[in-house]
Amino acid sequence: MSAIATLRRRKGAQEPSLAFRALGDPTRIRIVNLLAAGELCVCDLVDLLALPQPTISRHLAVLRASGLVRTRRLGRFSHYRLAEPESTLHATLLEAVRRDLDERPLAAERSEARARVERRRRSPC
């Protein structure tokens, strides 16, 4: 069973293991780190992470299914942001990402993401 199917099947249970499983992949940690800078389009994540769009989309699906990430459609593009915490565990995990992932090379990626967020505020996809 795929990670997404497992998360969707268990989502109603609100198990803490869902969040930990979603963060159990280095690429998903990098995505959450970038989203800590603000809302980004999939195209921005593809550029910042230098990974193929299908790979990014698959990881975003796992993060959405876990409840850590929310999406918003804007025309043809999907924009992603960190979800508002729904539990103490969720809040603690997101705070840890914002506070503790400010080390190299993640700090450099987040700095790039902040610049991209500002650019998108002025000129969306």
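Is Phe20 buried, partly exposed or exposed?

1. Phe20 is partly exposed, since its relative accessible area is 47%, and a residue counts as exposed when that value is over 50%. This assignment, like every other in this note, rests on a predicted model. Phe20 belongs to helix α2, which covers residues 16-22.

2. The surroundings of Phe20 include residues from a remote part of the sequence. When residues up to four places away in sequence are set aside, Phe20 touches Leu89 and Leu93. The C-alpha atoms of Phe20 and His90 are 9.9 Å apart, although 70 residues separate the two in sequence.

3. On the overall architecture, the chain contains 7 helices and 3 strands. Read from the N terminus, the order of elements is α-α-α-β-α-α-β-β-α-α. The chain has 125 residues, of which 42% count as buried. Taking contacts between residues at least 6 apart in sequence, 57% join residues at least 24 apart.

4. The packing of helix α3 (residues 26-35) against helix α4 (residues 42-49) deserves a separate comment. Their axes come within 11 Å and cross at roughly 120°. The two helices are therefore oblique to each other, because roughly perpendicular is reserved for angles of 65 to 115 degrees and roughly antiparallel for those over 145. The crossing of α3 and α4 is right-handed.

5. The contact itself is formed by Arg30, Ile31, Leu34 and Leu35 on the α3 side, and by Leu45, Leu48 and Leu49 on the α4 side. By class, these residues comprise 6 nonpolar, no polar and 1 charged.

6. The model holds 7 salt bridges. In one of them, Arg30 pairs with Glu109, with 2.4 Å between the closest N and O atoms. This pair connects distant parts of the chain, since Arg30 lies in α3 and Glu109 in helix α7 (residues 106-122), 79 residues apart. Arg30 thus takes part both in the contact of α3 with α4 and in a salt bridge to α7. Arg30 is partly exposed at 23% relative accessible area, whereas Glu109 is buried at 13%.

7. A salt bridge also joins the side chains of Arg120 and Asp44, with an N to O distance of 2.9 Å. Here too distant parts of the chain are linked: Arg120 is in α7 and Asp44 in α4, and their positions lie 76 residues apart in the numbering. Asp44 is buried, with a relative accessible area of 0%; Arg120 is partly exposed, with a value of 23%. Both residues belong to a network of salt bridges that also includes Asp47 and Arg116.

8. A further salt bridge stays within one helix. The side chains of Arg121 and Glu118 meet with 2.4 Å from N to O. Both residues lie in α7, 3 residues apart, which is about one turn of the helix. Arg121 is exposed, with a relative accessible area of 58%, while Glu118 is partly exposed, with 37%.

9. Taken together, these points place helix α7 at several of the pairs discussed. Its residue Glu109 is linked with Arg30 of α3, and its residue Arg120 with Asp44 of α4. Helices α3 and α4 in turn meet each other through residues that include Ile31 and Leu45.

Terms used:
Residues numbered from 1 in each chain as written. Predicted model: local features only at pLDDT ≥ 70, side-chain atom pairs only at ≥ 80, totals over all residues. Heavy atoms only, no water. Axes fitted to C-alpha atoms, helices over the stretch in contact; angles between N-to-C directions. Helix = DSSP H or I, 4+ residues; strand = E, 2+ residues; numbered from the N terminus. Parallel < 35°, antiparallel > 145°, perpendicular 65-115°, else oblique. Left-handed = near helix turned anticlockwise from the far one by under 90°. Contact = heavy atoms within 4.5 Å. Nonpolar A, V, L, I, M, F, W, Y, C, P; charged D, E, K, R; others polar. Salt bridge = Lys/Arg side-chain N within 4 Å of Asp/Glu carboxyl O. Buried < 20%, exposed > 50% of the residue type's maximum accessible area, 1.4 Å probe, protein only.
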